[in-house]
Each structure stands twice: as C-alpha cells, then as structure tokens.
Amino acid sequence: MISSLRLTPGKKTKTGIVWLLRLLVGATFVMSGLTKCIDLWGVVYKIEEYFIVWSIDLPLSLYVMTALALSVSEFLLGLMLLIGSYRRSVPWLLLLMMAFMLPLSFYIFIANPVADCGCFGDFLIISNGATFLKNIFLTVAIVLLIMWNRQVACLFNPYIQWVPAVAAAVYILAVGMFGYNIQPLVDFRSFPVGTRLAVSDVDMDDSEDAGSEPQFEFIYEKDGHQASFGESDLPDSTWTFVDRKLVAGSVDERTELVVYDGDSEVTEDVIMADEPQLLIVIPDRRRVNISYTYAINELQHCMDSIGGSMIEIAAMPESEINGWRDLSMATYPIYRAEPTVLKELARGVVAAVYVEDGKIMWKRSLPSIDVDRIAMSENQQELLRNLSFSGGHLLAVASLILFAFYCLVYMLEKSRYLAVWMSKMRPNARQSEKK
C-alpha cells in the first residue's frame, strides 16, 4: 500500500506548481531589473557604496557597466522565465546569479555594511533580513524549476523564442539609457517633479489664514504605562519618549533641501519662489569635466535674458569653491549641499533643475539639454519650459508596445496551427458537399 502512494506530484499539479513558481520568481526578477534600469544612477551609487565599504575605488565607467549588466540580466532572465522561454538555461543562469546573491545578502544581514541592499532601487526598500529571506525562497524555487521547468510547455515555441528576448532587450536598454542620460522615467526619490522647494509670500499668507499651525501630542512611557502629553506639559526625565502624533493643523511635507554658504544655511534666501530659477546640481565635483562649464555659463545668459536667476549647488568643501569659481569663470553664486541630498535631487554628473514659483518643473542631466539651440532662440523661456517630459507616460507607452508585440507574435505563431487545421478540414468539407 505504501508503494502505491504517489511521492511526486501528478502532471497537472506539477504544471500548476511550475507556472506559479514562474510567476513568482519571474515577476520578482522583472520588477528588480526594471526598477534598477529605470534609475540606473541609483544602482551606480549603491554599487559604489558597497565598494567604498570594502575600500575599493573604481572608475565610474566600471560602476555603470556593472549596474547595466546586473539590471538588464535580471529583467531578461525574469521575463524569459515568466513566459517559459529557454526552459533549461534560464533557471540555471538564475541559480548562478543566486549563488552570488545569497551569500552576499547573508553577509549584509550579518555585517550590516549598508542600510539596505538596493534590490528594488528606491522603489521598494526592504530590510537586510527580509532580503536574505527573499533570496532563500528564490533559491529554493529556482532549484525546483531546474527539476521540473522543462516538463511544462512555454508560451512561445523554441524556434521563435529569440524574438521576444530581443524585443525585451531593446525595451529594457531603452529604459536604462533614458534614465542614465536624461533622468529616470519614474522618480522614486525625495524630490519628484512638482515638489515645492520654496514657499512664496502668498503661500505663507494662505497658510497663516488657514490656521494650519501643527499641534502635536507626545506619547511617553513609564513603568510599562503610556500617557499622552501636550507641548506645554511634557513629563520629567523619568519618562521615556515613544512617539509623536499630529492632532491639529498640517505639516509641511516638503523634503528638506539644505543649502550652505560657508557655515551658514541660506536655503530660504537662495531658492526663489517668485521668479524662474535654474539650479545646477553637482553631486561629485571629481567627476565634472571643465568642458561642462561652457553649457552652464550659456544657461546663465538664458536665465538672465528671461528675467530669472541661476545658482549652482555643489558637493564640495568650502575651501574648493573659490578655486572652482575661478576655473569655471562663474559669475553666478555657488553654494554647498550634502552629496546624498544632491543625488536625491537630480541624477547625473551635472544636472539642471528648473524651478518656477518655488516648484520643480523639470530636471535633466546637462548633456541632454541643447544649450546652443536655446541660446539662439527668441523664445528661450518657452523652450526651457518645453524641456519637461512625462516619464510615467513614456514608460507606460513603451510597456504597452512591448505587450502588444508579444500578443502579435503569439497570435502569428499560433496561427500556424490554425492554418494546418483549416487545411485538414477542407477535404472533409468537400466530401460532405459531394454526399
């Protein structure tokens, strides 16, 4: 009787398990690769952060190549697994990837050299412990797929599976190159377009009229008992602070951009709320070529001609600012900010952030701006405003095109069977007509 028990799942059960694992593992790698490629600079910074911990310094080009290879391979392998293509090679390649990722995530979990692994970029930040558990699940699932994946059919026949692979490669490379050379199609960071960096006098008046001054209650604990206190009646030092809750008014949810002039914070003085302003962002002075300064100086002339202003915010010591000002022949103000904040504000070696009414209208890497065309135009302000783009819309359109292409290839590939079936039906139809 024991020998008659089925120790392995039946065909239908196995098919269901394989498709479930394809869906879970494939979608995880697709999301991981896509979010990385959307913000390729974020992956570069994360890889650089790892190497700084290990006291390794590499050229920027190697960081970029590593980030692109990792992002594209995750997306392609995940998508091919999702649709069942390359049933033998894809699981083995994923297992090879996990042979590196699993020990790395275990090391990060134990040593905690970085705050998060960066698995899904800034789109989804998970703890190092959750990352390690995720990688254990993925490794086990991939091992099962190595055993059973070839026994379950795929969406596209093997002779045509290279077509969806090439289409996916074109798609993900386009997404990555757009994010690297211009700005990420979707901004997961602290300063998306529309963020208010400065508050105008009208906004201040409206805020005061609305009586939106925030009021908080503070929760403290003592001897296992929690109690709430107001701002004017906080307890003594024998109580332990637990939490703070907003009970009235509203909180200004702007992300803090802190700008320094020397040792003084001058953010509110230099971010204009009542005129167009261009912020030139330099998160790492070491990577800036002096040739960039020509475009920066031309943009300053453009801003002057439309009645606006331009400032440069760089991550450099105060002692280097005067030397950089002389080298770049800058007649615009140069201020300091923390490199992490500037990397959050805009991606790229040098980036431009266009602000109107204190609100971010667009941001781009400097090489993506046709400075000469703007400088020679009579409608400079219109051209500057037209540099904005809807990244989310572009990503949705590109994804829809890829999906429609897959549907078309699938229908054309399956139409072969339809043609064979129709050819077989024709003789039967003729015989029935004769009868």
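A pocket is an open set of grid points with protein on both sides within 12 Å along at least five of seven lines. Keep that in mind as you explore this predicted model.

**Exercise 1.** Describe the largest pocket: its volume and its lining.

*Solution.* Start with the space itself: the volume is about 1,100 Å³. Next, look at the walls, where 48 residues form the lining. Nearest the centre you will find Val-43, Lys-46, Ile-47, Tyr-50 and Cys-117. Then ask which helix gives the most to this lining. That is α2, with 10 residues. Finally, sort the lining by class: 22 residues are nonpolar, 12 polar and 14 charged.

**Exercise 2.** Classify the aromatic pair of Phe-51 and Tyr-63, then decide whether Tyr-63 is buried or exposed.

*Solution.* The whole structure holds 13 aromatic pairs. In this one, the ring centres are 5.8 Å apart and the planes meet at 65°. Planes over 60 degrees apart count as edge-to-face, and that is the class of this pair. Phe-51 belongs to helix α2 and Tyr-63 to helix α3, 12 residues apart. Now the accessibility: buried means under 20%, so Tyr-63, at 1%, counts as buried.

**Exercise 3.** Do the same for the pair of Phe-109 and Phe-132.

*Solution.* Here the centres are 6.0 Å apart, with 10° between the planes. Planes under 30 degrees apart count as stacked, so this pair is stacked. Phe-109 lies in helix α4 and Phe-132 in helix α5, so the pair ties together parts 23 residues apart in sequence. Phe-109 is partly exposed at 40%, while Phe-132 counts as buried at 17%.

Terms used: Residues numbered from 1 in each chain as written. Predicted model: local features only at pLDDT ≥ 70, side-chain atom pairs only at ≥ 80, totals over all residues. Heavy atoms only, no water. 1 Å grid on protein atoms, 1.4 Å probe; cavity = no way out; pocket = protein on both sides within 12 Å on 5 of 7 lines; lining within 4 Å. Points joined across faces, edges and corners; volume = space filled by probe spheres on them. Helix = DSSP H or I, 4+ residues; strand = E, 2+ residues; numbered from the N terminus. Nonpolar A, V, L, I, M, F, W, Y, C, P; charged D, E, K, R; others polar. Phe/Tyr/Trp six-rings, centres within 6.5 Å; stacked < 30°, edge-to-face > 60°. Buried < 20%, exposed > 50% of the residue type's maximum accessible area, 1.4 Å probe, protein only.
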